[in-house]
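Trainee: I am new to this structure and would be grateful for a close look at a single part of it. Could you please take me through the surroundings of one bound ligand, and then place that site in its wider setting?

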Amino acid sequence: MGKPLDLVVLVKQVPDSGADRVLRESNFTVDREASDSVVNEMDEYAIEEALRLKGEHGGTVALLTMGPEQAVTSIRKALQMGADAAVHVTDAALAGSCAVKTSEVLAAALGTLQWDLVLCGAESTDGQLCVIPAMLAQRLDVAALTGARQLTIADADSTGERVGTIQRQTETGYQTIQASLPAVVSVWDTINEPHYPTFRDIMAAKSKPVSTLRLADLGIDAAEVGFFGATSVVTSVVPRPPRGAGVVIDAGADAGAKLVEFLASRKLV
Amino acid sequence: MSSDNVATEVLVLAEHTDGTLSKTTAELITAARILGEPAVVLLVSGSSGEASGGSSDATVDALCAQLGELGVAHVVLARSPEFGLYLVTPVVQALAQLVRERKPAAVLLTASADGKEVAGRLAVLTGSGLLTDVTELHGDGTATQEIFAGSAIVASRIITGTPIYAIRRNAITSQLAVPVQPEVHTVEVLLSASARASRILDSVVEPKGNRPELTEASVVVAGGRGVGRAEDFQLLEQLADQLGGAVGASRAATDGGLYPHQFQVGQTGKSVSPQLYIACGISGAIQHRAGMQTAKNIVVINSDSTSPIFDIADFGIVGDLHEVLPQTITALRERAGS
Ligand SMILES: Cc1cc2nc3c(=O)[nH]c(=O)nc-3n(C[C@H](O)[C@H](O)[C@H](O)COP(=O)(O)OP(=O)(O)OC[C@H]3O[C@@H](n4cnc5c(N)ncnc54)[C@H](O)[C@@H]3O)c2cc1C
Ligand SMILES: Nc1ncnc2c1ncn2[C@@H]1O[C@H](COP(=O)(O)O)[C@@H](O)[C@H]1O
């Protein structure tokens with residue numbers, strides 16, 4: 001076994017994507033109390049990958065979340081998968097932060113931690129921006145290995161250099177991307193199959209350390225972030241208009257012919 | 001360089017492969033005209049006069065000619081062998097330099113995986129706001145996006161820096177313009193060491209057959225768990241070929257090994273917006289709908305009439321796809337024959 005790896009996994013609490021999600025009427029921010037909150041699904045794959053790397057190389061896995069006070073329930077849930085500890089960045093002034101400012105806060109928090117690799121999900125199911133990992137790499141001035149469907153970390157060579165290699169999932173196949181550590185890696189759900197925690201893991205998670213960071217701890221001015229510091233503003237939110245009611249028929253010997261008739265009526269054939 | 005630059009210049013990052021502009025580039029140019037005068041940034045690998053290992057002068061000429069056809073009067077050309085060697089960062093540095101030099105009113109790029117990363121980094125570097133997966137753009141800079149897997153439509157405005165918009169493919173209909181002879185401004189791009197952090201060792205195109213690209217196809221025939229067996233996807237492929245379309249799949253189908261993952265449609269797969277989407281044996285989970293509900297016409301074949309996918313169907317058939325698809329294939333063949 002080579003040098004151990006210090007791993008930080010970014011975990012976001014998001015409204016359950018299966019349930020109805022609500023934006024506040026007042027300021028159009030996500031109403032995190034109106035819907036059930038869960039760990040962003042893609043982040044579970046990042047945790048799983050971090051645990052796999054820890055198993056292979058030794059080291060530590062810490063979780064990092066920026067979110068409201070109640071995000072701690074998701075942090076405890078995520079800890080059940082087997083990470084060692086967690087850091088929770090929470091401050092009333094952070095509510096309504098845009099992606100640009102979120103990345104600033106997360107980068108500052110990462111600056112207070114020891115790590116060789118930061119793992120993220122490739123996207124969050126609420127914002128679905130797919131930008132935080134790249135923004136973090138930009139701010140931290142480290143390599144980005146984004147969109148991984150496979151990740152390997154080579155043990156340190158004679159110069160002490162460790163190299164990460166990913167298969168980056170692309171629209172037409174994949175690219176092999178390589179970079180020296182430290183690096184930010186983001187993963188898709190094709191990378192592994194997250195395990196279910198055992199009873200022992202669930203019990204152990206209750207006593208794992210979760211430390212809290214406030215904006216003041218990070219030296220960030222409250223006026224610069226949150227709703228009032230956001231780089232963009234939401235001006236309206238409307239539910240998707242329902243599609244007009246369609247025609248539904250029962251299959252029979254002529255269903256195919258009727259389908260072709262429909263296509264012809266819409267000039268699709 | 002910036003002397004001929006009007007205040008309402010909008011930088012558009014062109015997307016191109018093998019000397020051909022992507023269809024999305026034309027959409028971006030149309031969107032840029034809503035905000036100002038498009039100046040298209042053409043980043044090509046290789047240096048001038050180089051024939052192998054990079055783009056030849058003929059390739060650059062061909063791309064400029066295509067931009068001229070789209071009515072683009074200003075092309076900003078930068079060549080560097082490094083654009084193709086490192087992930088995303090060389091493009092970011094080039095654009096950041098151009099934003100500094102040309103002070104555009106906005107920057108538009110494609111909301112692809114690469115495009116969104118470029119947008120995010122550019123926002124950090126230039127101290128700007130960004131909006132990704134934009135589906136509509138208005139003259140006052142307001143952009144619409146879909147959130148929560150497409151169940152709500154949000155309008156937002158960027159209030160900081162040079163607004164950066166990553167525009168979703170197929171969302172904006174490209175408009176014809178009067179062809180012009182573009183003026184090509186060649187720029188020297190200076191890349192720092194951090195542009196070389198992530199090396200691209202190889203790019204592998206996995207075989208997709210000769211069907212159209214899923215995200216650009218005007219017809220998509222998609223299958224879910226209800227297809228049952230990998231072999232039965234042949235039925236969908238046959239129908240897709242008759243209609244000149246692409247084949248897609250739900251996550252249950254790709255996870256279950258019925259069809260390759262690259263064809264997954266939905267929140268964590270591809271977003272498609274075709275003229276016609278035929279969903280076969282797909283229940284219509286919100287994460288699947290997120291990737292296809294903007295299709296102009298939706299046809300559903302599903303044996304369970306209570307499946308939520310019927311809620312968004314223009315034409316639905318309650319029945320076994322293994323019977324309905326062969327009937328449809330025959331009916332289409334007969335129609336073509338008559
Ligand atoms: C974070 C997250 C992201 C996700 N991303 C995606 C995504 O990008 N894309 C995606 O598709 N899913 C995604 N999912 C999964 C999604 O929730 C559903 O599980 C999935 O879409 C179901 O696929 P399905 O409709 O093929 O399978 P099922 O839900 O099992 O439906 C199968 C359907 O086939 C019908 N059927 C069965 N036999 C036949 C027959 N012989 N003839 C006709 N019909 C038949 C059934 O009536 C049923 O409606 C995601 C989930 C999560 C949590
Ligand atoms: N508030 C947050 N706290 C912790 N991690 C986050 C946060 N927002 C985004 N991330 C990470 O960044 C990834 C991509 O998110 P996004 O760019 O919002 O799609 C997520 O999967 C998380 O790993």
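Mentor: A polar contact is a pair of N or O atoms within 3.5 Å. With that cut-off in mind, let us turn to ligand 2, noting that this is a predicted model.

A polar side-chain atom of Ser124(A) is found 2.7 Å from an oxygen atom of ligand 2. The backbone also takes part: a polar backbone atom of Leu10(A) lies 2.9 Å from an oxygen atom of the ligand, and for Val131(A) a backbone N or O atom is 2.9 Å from an oxygen atom of ligand 2. Taken alone, ligand 2 exposes 480 Å², and the protein buries 98% of that.

The shell can next be considered as a whole. There are 18 residues around ligand 2, and those that come nearest are Leu10(A), Asp43(A), Met66(A), Ser124(A) and Cys130(A). Sorted by class, the shell comprises 11 nonpolar, 4 polar and 3 charged residues. Three elements of chain A, namely β4 (59-66), β6 (117-121) and α4 (132-140), give two or more residues to this shell. The most comes from β4(A), which contributes 3 residues.

Another part of chain A also merits attention. Tyr45(A) is located in helix α1, which covers residues 41-57 of chain A. Tyr45(A) counts as buried because its relative accessibility is 6%, and the limit for buried is under 20%. Leaving aside residues up to four places away in sequence, Tyr45(A) touches several residues of chain A, including Val187(A), Trp188(A) and Pro194(A), and also Arg251(B) from chain B. Between the C-alpha atoms of Tyr45(A) and Arg76(A), which are 31 residues apart along the chain, the separation is 16 Å.

The touch with Arg251(B) leads to the contact between the two chains. Chain A supplies 79 residues to that contact and chain B supplies 83 residues. About 6,800 Å² is buried between chain A and chain B, with carbon and sulfur atoms giving 54% of this area. Within chain A, the residues that lose the most area to chain B are Glu171(A), Arg240(A) and Arg243(A), together 13% of what that side buries.

Finally, chain B offers a buried residue of its own. Arg102(B) belongs to helix α3 of chain B, residues 89-102. With a relative accessibility of 2%, Arg102(B) counts as buried. The side chain of Arg102(B) makes a polar contact of 2.7 Å with the side chain of Glu9(B).

Key. Residues numbered from 1 in each chain as written. Chains lettered and ligands numbered in written order. Predicted model: local features only at pLDDT ≥ 70, side-chain atom pairs only at ≥ 80, totals over all residues. Heavy atoms only, no water. Helix = DSSP H or I, 4+ residues; strand = E, 2+ residues; numbered from the N terminus. Buried < 20%, exposed > 50% of the residue type's maximum accessible area, 1.4 Å probe, protein only. Polar contact = N/O pair within 3.5 Å; in protein donor to acceptor, adjacent residues only side chain to side chain. Near = heavy atom within 4 Å. Areas by Shrake-Rupley, 256 points an atom, 1.4 Å probe, with all protein chains shown as cover. Nonpolar A, V, L, I, M, F, W, Y, C, P; charged D, E, K, R; others polar. Contact = heavy atoms within 4.5 Å. Buried area = accessible area lost by both parts, 1.4 Å probe.
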